[in-house]
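Biologist: I have not looked at this one before, so could you walk me through it slowly?

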Amino acid sequence: MEDLLRALTSSDLAEIVALTLRVTGIALIISTIIGAPLGALIGLSKFRGKSFVRALLYTGMGLPPVVVGLFVYLILSRSGPLGSLSWLFTPSAMIVAQIVIALPLTTGLTMTSVESVSPELKRQIAALGATRSQAAWTILREARIGVTAAIVAAFGGIISEVGAVMLVGGNIAGQTRVLTTAIVLNTRQGDFSLALALGLILLILTFIVNTALMKLQGR
Amino acid sequence: MKRRPLSMVIVCLMIVALIMSACTPAATPAPTQPPTQEVQKPADPTAAPVDPTAIPAQPTAPPTESAGPEQVLRLATTTSTADSGLLDTILPEFQSKYNARVDVVAVGTGQAIEIGTKGDADVLLVHARKSEDKFVADGHAKERFDVMYNDFILLGPKDDPAQVNGLSTGKDAFKAILDAQATLASRGDKSGTHTKELSVWSSLGMTPTQEMKWYQSLGQGMGDTLVFANEQGAYTLSDRGTYLSMKDKLSNLIVVVGGNTIDENKDRSLLNPYGILAVNPDTHPGVNYELAMKFVDWFLSKETQEKIGVYGQDKFGQPLFYPDSEEYKSTYDVTIKIGDKSQTFTLADLQALPKTSVADYEAIGVKKGPLGKNTWAGVSVKELLLKVDPTLADAKHAGKLIVFTSSDGWKATIKWAELFGVLQGGELLYNVKGCNECHGVNGEGTAPKGKTPAPKLVGVSWPTEVVLGSLRAGQDLHGGLNPYTEDQLSEAELQQLLAWFKDPQAAPAADAYTLEPDKALAILAFEKNGEAMNGLAGILQLIVPFDQFAGRYSHWVKTIEVQ
């Protein structure tokens with residue numbers, strides 16, 4: 001309890017929480033903007049190689065974050081192909097890594113939820129004379145629980161992720177230190193109770209965001 | 001025709017998404033050059049939340065180092081410098097002086113060097129000499145500079161199953177652990193500490209492998225490894241700084257090789273020098289070489305080095321790092337204060353004075369520092385004091401004390417009579433046999449921080465048999481010291497000591513113990529065995545080879561005050 005207070009009153013905490021939300025928030029928005037339409041497109045279309053794409057997406061959901069981090073690190077390194085951007089060890093690199101981790105989740109789960117909308121409803125919509133785009137919109141609305149689940153899953157996946165952001169962000173105090181890397185740092189220093197307190201804060205944060213997302217879904 | 005609207009919508013969405021994804025991260029939180037960020041640092045949470053509207057406002061072009069008023073320097077370093085709090089303490093000065101922000105990436109030395117090799121850091125502060133030299137040889141840096149050092153110690157469980165405690169070198173200790181097949185926790189992460197551990201193994205002609213069940217290669221940082229060793233009752237090699245900063249959480253571990261301070265570490269091969277390297281702009285054009293060199297110069301400057309030298313002093317009773325730059329070493333000096341007279345001697349001043357040399361003796365009792373049979377050369381403290389105040393030898397000063405203070409805040413006191421040679425009998429024995437180091441200048445007893453408290457001796461009538469018994473047995477019976485042998489303190493000498501304890505004012509007997517002049521000598525040594533001492537051996541060590549006891553004040557003397 002004392003440590004929780006210590007964590008809460010720490011001047012760095014606000015900064016760390018703000019950065020955590022900023023990095024994860026931007027990564028989530030981008031991966032949703034790309035992932036949801038892409039998932040809907042795949043889910044509604046029939047094309048050759050669809051099962052291969054599906055397998056690819058499912059594999060992507062299981063990508064070890066630290067491998068993603070390593071991959072992003074090598075690409076953004078000054079001796080890598082995108083080195084001139086100077087993104088390594090900045091929040092931008094962390095956002096890139098989190099997008100790569102979140103994208104298979106948003107795409108794949110949206111695809112699944114769109115596919116699981118009952119075929120009867122699809123036929124009904126067609127029978128009512130909807131255009132393809134109207135139909136797509138209606139189906140997506142119908143599948144919104146699944147789409148929200150996709151976003152929630154992606155959010156949970158990236159806000160709690162540590163391997164990749166540690167590697168590409170560098171856990172620089174005041175610059176790239178987020179809740180998870182701060183937890184690792186305090187654990188490394190043997191300050192278990194402070195690490196635990198930060199973990200609790202992360203948990204509360206995730207709970208609040210998820211509750212908000214569910215409210216949105218209800219509308 | 002029918003298919004078109006949907007594909008149009010989706011294609012449009014995709015394009016929007018791609019554009020967003022292409023420019024957002026660039027725009028977001030200011031890669032390397034956020035001019036406002038540092039200014040607002042007292043975290044305003046409202047400034048931070050996601051603001052997608054800000055995206056198009058910022059340029060997508062890669063930032064350049066000169067874009068903002070504040071420059072950014074990326075320092076890749078080992079966890080020990082960051083976790084110990086040293087960098088947090090000293091960096092703010094650099095940041096304000098050069099209007100720069102230092103981004104500290106704290107990883108293992110192996111990874112730090114890898115980051116430097118890819119050109120992803122501007123400057124490295126690491127501790128693995130061989131890798132550093134290779135880094136320079138491969139052209140990734142132009143030069144490596146000595147910056148500071150501390151030492152490695154071997155920690156082990158309290159029950160000490162391999163019976164390592166008391167061995168003086170890492171090599172002997174590792175041999176004992178190997179023979180006993182006792183659990184050893186290795187960092188196993190190519191860090192500086194791991195590299196040092198492997199070099200100790202290779203001095204035994206072996207390389208640990210996974211087949212050895214007692215050898216646990218963790219692949220973790222120092223903190224994690226210490227916690228593991230504490231839980232599992234394992235031995236582990238650690239840098240002293242990390243151990244000290246976590247000591248209160250490591251109740252099951254004791255120092256088995258290396259003692260309580262760096263001076264007690266007999267194994268000089270366990271010294272842990274840190275190097276600083278600016279990444280070479282010729283091989284890595286992206287680095288901020290100009291700022292990196294400013295940083296290196298600042299780090300090696302006397303002012304910064306002095307800050308390094310006192311960091312940790314108040315919290316741990318000893319510094320966590322010892323300054324070692326060329327500039328620092330060349331500016332070393334000592335100040336003599338006698339009454340209102342004060343004079344400072346630089347190393348060059350001292351070297352110009354008549355040189356005295358002395359062969360040291362094996363220290364009695366104390367498990368003490370690196371001293372063995374060496375010849376030390378330097379300036380006689382007595383001569384130096386007389387240079388400042390020629391009247392100091394007059395008998396009117398007899399009651400005075402001479403207080404030595406080292407650069408790390410440590411103090412030692414000797415009596416005027418010790419230097420100016422009129423002590424005899426028990427009082428002299430008390431000083432030359434080193435009793436005063438723990439029991440106080442006048443036998444009043446002390447309880448110094450970090451040392452075993454020593455009882456008051458003077459004014460007490462001690463039974464000879466009891467004192468003799470505990471002196472000869474040593475260890476627990478005498479504050480953890482090694483036994484005093486007959487050679488080191490005879491029974492007849494002890495009688496004189498006890499007589500003085502009983503009544504300090506009584507006149508010594510006619511055949512009282514006296515000293516030959518060449519044995520009564522205190523010097524400020526700056527040469528060892530004919531060679532100038534570098535920072536690792538200690539410059540201006542005060543060495544006091546009274547009789548058999550030698551080198552009892554092996555610290556860097558900063559001031560000498562006559563009170």
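Modeller: Here is a tour that begins with confidence and then goes through the two chains by topic.

Biologist: Before that, what kind of model is it, and how are things numbered?

Modeller: It is a predicted model, in which local features need pLDDT of at least 70 and side-chain atom pairs count only at pLDDT 80 or more, while totals for chains, interfaces and linings use all residues. Residues are numbered from 1 along each chain as its sequence is written, chains are lettered from A and ligands numbered from 1 in the order in which they are written, and side-chain values use heavy atoms, with hydrogens and water left out.

Biologist: What is the mean pLDDT of chain B?

Modeller: The mean is 81, and 82% of the residues of chain B reach 70 or more; pLDDT is the predictor's confidence in each residue, from 0 to 100.

Biologist: And where in chain B is confidence lowest, and where highest?

Modeller: The lowest mean, 40, belongs to helix α1 (residues 4-27) of chain B, and the highest, 97, to strand β3 (residues 123-126) of chain B. Helices (H or I, at least four residues) and strands (E, at least two) are DSSP runs, numbered from the N terminus. Over residues 1-67 of chain B the pLDDT stays under 50, and the model has 88 contacts beyond four places in sequence for them, a contact being heavy atoms within 4.5 Å. Residues 364-371 of chain B also have pLDDT below 50, with 31 contacts in the model beyond near neighbours in sequence.

Biologist: Switching to chain A, how many helices and strands does it have?

Modeller: Chain A has 11 helices and 0 strands. Of its 219 residues, 51% count as buried, where buried means under 20% relative accessible area, exposed over 50% and partly exposed in between (1.4 Å probe, protein chains only). Among the contacts in chain A between residues at least 6 apart in sequence, 73% join residues at least 24 apart.

Biologist: Which residues form the nonpolar patch on the surface?

Modeller: The patch consists of A:Leu200, A:Leu203, A:Ile204, A:Phe207 and A:Ile208, with about 530 Å² of accessible area together, and A:Ile208 sits in helix α11 (residues 192-218) of chain A. Patches are made of residues with over 30% relative accessible area and no salt bridge, like charges being joined within 9 Å and nonpolar side chains (Val, Leu, Ile, Met, Phe, Trp, Tyr) within 5 Å. The areas come from the Shrake-Rupley method with a 1.4 Å probe, and for residues only the protein chains shown count as cover.

Biologist: How many salt bridges are there over all chains?

Modeller: There are 21 over all chains, each being a side-chain nitrogen of Lys or Arg within 4 Å of a carboxyl oxygen of Asp or Glu. In chain A, A:Lys50, A:Arg54 and A:Glu115 are linked in a network of salt bridges. In chain B, the side chains of B:Arg240 and B:Asp151 meet at 2.7 Å, N to O.

Biologist: Where do those two sit, and are they buried or exposed?

Modeller: B:Arg240 is in helix α9 (residues 240-246) of chain B and B:Asp151 in strand β4 (residues 141-157) of chain B, 89 residues apart. B:Arg240 is buried at 4% relative accessibility, and B:Asp151 is buried at 1%.

Biologist: Next topic, how many aromatic pairs are there?

Modeller: The count comes to 17 over all chains; rings of Phe, Tyr and Trp (its six-membered ring) pair if their centres lie within 6.5 Å, and planes under 30 degrees apart count as stacked, over 60 as edge-to-face and the rest as tilted. One tilted pair is B:Phe174 and B:Trp201, at 4.5 Å centre to centre with 45 degrees between the planes. B:Phe174 belongs to helix α6 (residues 170-180) of chain B and B:Trp201 to helix α7 (residues 192-203) of chain B, 27 residues apart, and both residues are buried.

Biologist: Why is the pair of B:Trp298 and B:Phe299 called edge-to-face?

Modeller: The ring centres of B:Trp298 and B:Phe299 are 5.7 Å apart and their planes are at 85 degrees, so the pair is edge-to-face. Both B:Trp298 and B:Phe299 are buried, and they form one aromatic cluster with B:Phe94, B:Tyr98 and B:Phe295.

Biologist: Going back to B:Trp201, what else does it touch?

Modeller: Not counting residues up to four places away in sequence, B:Trp201 touches B:Phe174, B:Leu178, B:Leu184, B:Met206, B:Pro208, B:Trp214 and B:Tyr215.
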